[in-house]
Every structure is written in structure tokens, then in C-alpha cells.
Amino acid sequence: MTTSHYIAGRWVEGQGSDCISVNDPAFGQPFAELKAASVAQVDQAVTAARGALPAWKNTSASERAAYLRGFAEQLGQRREALITLQMRNNGKPRHEAEIDLDDAIATFGYYAELAEQLPSKNRDVPLAAPGFSARTRLEPVGVVGLIVPWNFPLVTSAWKLAPALAAGCTVVLKPSEVTPLIEQAYGQIADALELPAGVLNIVNGKAETGAALSNHNGLDKLSFTGSNSVGSQVMRSASAQCRPVTLELGGKSAIVVFDDCDVGQAVEWIVAGITWNAGQMCSATSRLLVQDGIADALLPRLQAALEQLRVGNPLTEEVDMGPLTSQAQWLKVAGYFATAREEGLQCLAGGKALDRDGWFVSPTLYADVPKDSRLWTEEIFGPVLCARRFATEEQAIAEANDSRFGLVATVCSADLERAERVADALEVGHVWINSVQAVFVETSWGGTKGSGIGRELGPWGLSAYQSVKHVTRCLG
């Protein structure tokens, strides 16, 4: 049994009713177990964060920046252990786990720089009316709850934790019960840096723990990344208390390939967009729109590329794609394979679970998928790609935008003016042109429509944890 909760600067045993098994998805077997935090322990964590808030928000910006740089340095010192844990608990290939860690390190470094710039953000406001002066203050929003998912642990928590601490907020972090171990590194680092007790609190658990946190009246804000079904529950709890919320939810993103694109390069971008993290990404470009003039050449090449991917255990094999992270996700994807058979979809590659230990599925491609197919409209969260053909630029834009989601998209074309024009027309939060999904901490992350509320990363990520105050004074 692992001690897994960090509350008020101390590691404590869980007192909840749920036991959490931590699994290695390559074998489908548990390798650790922990007991969930109780509702009372969630309350203790929020109380600790509330108690630490006055002193923490009044620390200097340079002092908070020093702590953030300390987090970045300490993550680097734990590099190999954290990479191995990502591979073992998530099933990520090594190169993906390395990028995750580098992303987390870069995030803390970036927000350390923004923290140092905070004093200059408090400034005078010119007024048209005589006899008054005004100034702006940017203040921390207060105590924030952070609920993060299992597909990019360490990363999504860094995206929330770093700007929240930079702004002067105190936090209660709840990792996913599927991947509860790797975020413990943040508590260990807090100890090593002697971060003031209560500034960072970590509680693990299942739905009961998450509900206790999202419903707690001691929070000033909640930031959630995960499924739309849980996100709607989080939003209901926030609305009951008129509390601000950031939601980063699902996607059903399009990759649009025009007929002037190099076929080999297009295949590389398409494969990366659907098989990175075994397709378990809200940003997976799972809808392929390919122009008529290139479709007959591209689809066979794409089929071959998917069939040639090495799928296996990243700890023991050189692989391109690992297993799905949980049995629940494996069963969900298998259910979509069954739906595809029922709908009579044309399967060019994959379409099945692999006959081996662990939660493996094959990279999958369906061609000429109808727009009313469940596989075309619903988020699958696996390496399942659905393709349709289009004739004109206008048709491509219309079909790409015909979704209740609006997170990301990719445009592939040698005509850069057209690519930019299409990117501007797509109803999403982030567009890549002729690229894999490179995510930079300086740019924003978040979507439109059903993909969420608010933005993370960049200066927008910091603003999410700040409130704006104006002070107006009469000069008479």
C-alpha cells in the first residue's frame, strides 16, 4: 500500500473507502495499490490551502519564480524514474515519455519568467475624466482545485500547477485514479524545496474524491481536464456556487489533406495525429478529410504505414505505439470496433484488439465513413482513424466544422495561402499547418464549442488564475 496524499506539507495514508489498483497496461496487471483520500481529507487539504493563501500571495514575484525554477530543476533530476513510470503506468513509448517530461520542465520555466514580470502588470490607467486617477492590480484568484486526466499526467498538472503558483494561488491537486503515482513527484519536490506547507496539496481517489473537491465551498476556482461527461458534472457544481471554472474537454478533430500535398509527408502527419499516445488524446485528428485528387494514392500508403507500426510493451521492446492505458478504455475502443462491423464500415487496417497479454489494439483505418456514423461523430480516444473524401475547399471547411467539438485541426497543403485561409476558417482553438502536433508553452491551449471553456498555456494560462482589480481615487 502506497502513501499517496500530500496535505499541509505532510504525507498521509488514505482514509477513504476506495482502494486504487495501479496497473501496467502492457500486462493488464496491478503493480501498486493505494487507498483513496476520504471526504474529510479533501476538506483538510482545502483548509490547508486556505490557511496558506495569505502568506503565499504576498510573497514576492521573484520568490515564487525561484520556486518554479526549483520544480523544473527537480523534475530534471528525477528524469529517468519519471520516464520509466510514464512508460509503465501509461504504456507510452520512451520517446513520448521523454517529451512529456521535457514539456513539464519547460512549463515551470516559462511561468517562472512570467511570474517575474507580474509587478509590471500593475499599472496606471489613463482616464478621460479629470480629477481622478486609477490603477490596475492583478491578484491571485485564491484557492484552486485542479483535476487532471490519465492520458498526460505530469504534463496537464504542470499546465495548471505552474501558472496557479506563479499567480500566487494555493492549490489542491487531484490526479486521475488510473495514473495516481507520477504526480507524487510534485509533493516530493515541494518537500525538497521547502515550499510552505499548504501551498500544494495532493489528494488521490476516484469519483467520490473528485466530487468532494469539485463541490467544496472553500474553493475560489476549479480547473478540470477530462471527459465531457465528467466536465458537465464539474460545471454543474461550479454553477451552484457561481464559481469560475476552466474546462478542457474532448475533441473530434479533423486533418484536411489537399491534393497538392506530398503523399509521403501527409502520411507521416496523419499517422502521428492518430497514433501518438495510442490515440488517447483530446486533440487526436481522428477525422481525415482527403481531397479526391490524392485519395487513391494516399489511402493505400496510409494503410501500409499503420500496418507497419510496431505495437508492444515500451519497457521491453522498440515500439512505435504502446497499449491503451486502462482496461476500461480498451473495452470502449473494442466496442467501437463492434459498432463499425455493425455499420458495415470499410476497414482498411486494424479494427481489432490484439491477441496478446495487456490492453493492446491495432492502429485502425476506416474509409469512406458516412457522416452519420458514430465513429465519425463520437470521440473514441484510441488509434481509430475515419476517412472521407472531399472535392472543394469549401466542402472541406464545412465538413471539418460539422462537429459539436472544436479543439484542434491540421491542414496539409503546398499552397500556403490556401492553408492559412482554411486555418482561419476552422472553428477550433489551435490549427497546425504542415506539421505534427507540436505544442509550445508560449501558445494557448483550449477549444471552442463542446471542447471546453477558457485557455491554458501562454499568458492566457496565467490569466486564468488571476482576478483584475481597479483602484480609482478622487484627486479633489
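In this predicted model, E248 touches F224, T225, G226, C282, L407, W445, S451 and E456, leaving out residues up to four places away in sequence. The residue is a good place to start, since UniProt places the feature "active site" at E248 in an unreviewed entry. E248 is found in strand β10, which spans residues 245-248. With a relative accessible area of 5%, E248 falls under the 20% limit and is therefore buried. The same unreviewed UniProt entry type also supplies a domain annotation, "Aldehyde dehydrogenase", for residues 11-471. Over residues 11-471 the chain is 42% helix and 20% strand, and the C-alpha atoms at the two ends are 42 Å apart.

One of the contacts of E248, E456, merits a look of its own. E456 lies in the loop between β20 (452-453) and α16 (458-463). Although placed in a loop, E456 is buried, with a relative accessible area of 4%. Its side chain is joined to that of K160 by a polar contact of 2.7 Å. Apart from neighbours within four places in sequence, E456 is in contact with W159, K160, S223, T225, E248, T443, S444, W445 and G461. T225 and W445 appear among the contacts of both E248 and E456.

Attention now turns to a sheet and the helices beside it. Seven strands form an open sheet with mixed pairing, in the order β13-β14-β15-β12-β11-β17-β18. Its edge strands are β13 (346-349) and β18, each of which pairs on one side only. On average, neighbouring strands of this sheet are turned by 25° against each other, direction ignored. Within the sheet, β11 (residues 254-257) and β12 pair in the parallel sense over 4 bridges, and A254 has R287 of β12 as its bridge partner. Helix α14 packs on the sheet, where it touches β11, β12 and β15 (384-390). The direction of α14 makes about 175° with that of β12.

Helix α15 (residues 416-425) has R418, A419, V422 and A423 as its buried residues. These four cover an arc of only 135° around the axis, which puts them on the same side of α15. The spacing fits a simple rule: an α-helix has 3.6 residues a turn, so residues three or four places apart point the same way. On the other side of α15, E417 and D424 are exposed. The buried residues of α15 pack against β12 (287-291), α14 (393-401), β17 (408-412) and β18 (430-433). At the N-terminal end, α15 is capped by D415, with a side-chain oxygen 3.2 Å from the backbone nitrogen of E417.

A last group of contacts surrounds H5, whose place is in strand β1 (residues 5-7). H5 counts as buried, at 0% relative accessibility. The side chain of H5 reaches two backbone nitrogens, that of A37 at 3.4 Å and that of N204 at 3.1 Å. With neighbours within four places in sequence set aside, the contacts of H5 include R10, W11, V12, K35, A36, A37, I202, V203 and N204. The C-alpha atom of H5 is separated by 49 Å from that of R301, a residue 296 places away along the chain.

Conventions:
Residues are numbered from 1 along each chain as its sequence is written. This is a predicted model: local features need pLDDT of at least 70, side-chain atom pairs count only at pLDDT 80 or more; totals for chains, interfaces and linings use all residues. Side-chain values use heavy atoms; hydrogens and water are left out. Buried means under 20% relative accessible area, exposed over 50%, partly exposed in between (1.4 Å probe, protein chains only). The arc is that of the directions from the helix axis to the C-beta atoms. Contact means heavy atoms within 4.5 Å. A polar contact is a pair of N or O atoms within 3.5 Å; within protein, one must be able to donate a hydrogen and the other to accept it, and residues adjacent in sequence count only if both atoms are side-chain atoms. UniProt positions are given in the numbering used here, feature names are shortened, and annotations may be inferred rather than shown by experiment. Two strands pair if DSSP finds at least two bridges between them. Axes are lines fitted to C-alpha atoms, for helices over the stretch in contact, and angles run from 0 to 180 degrees between N-to-C directions.
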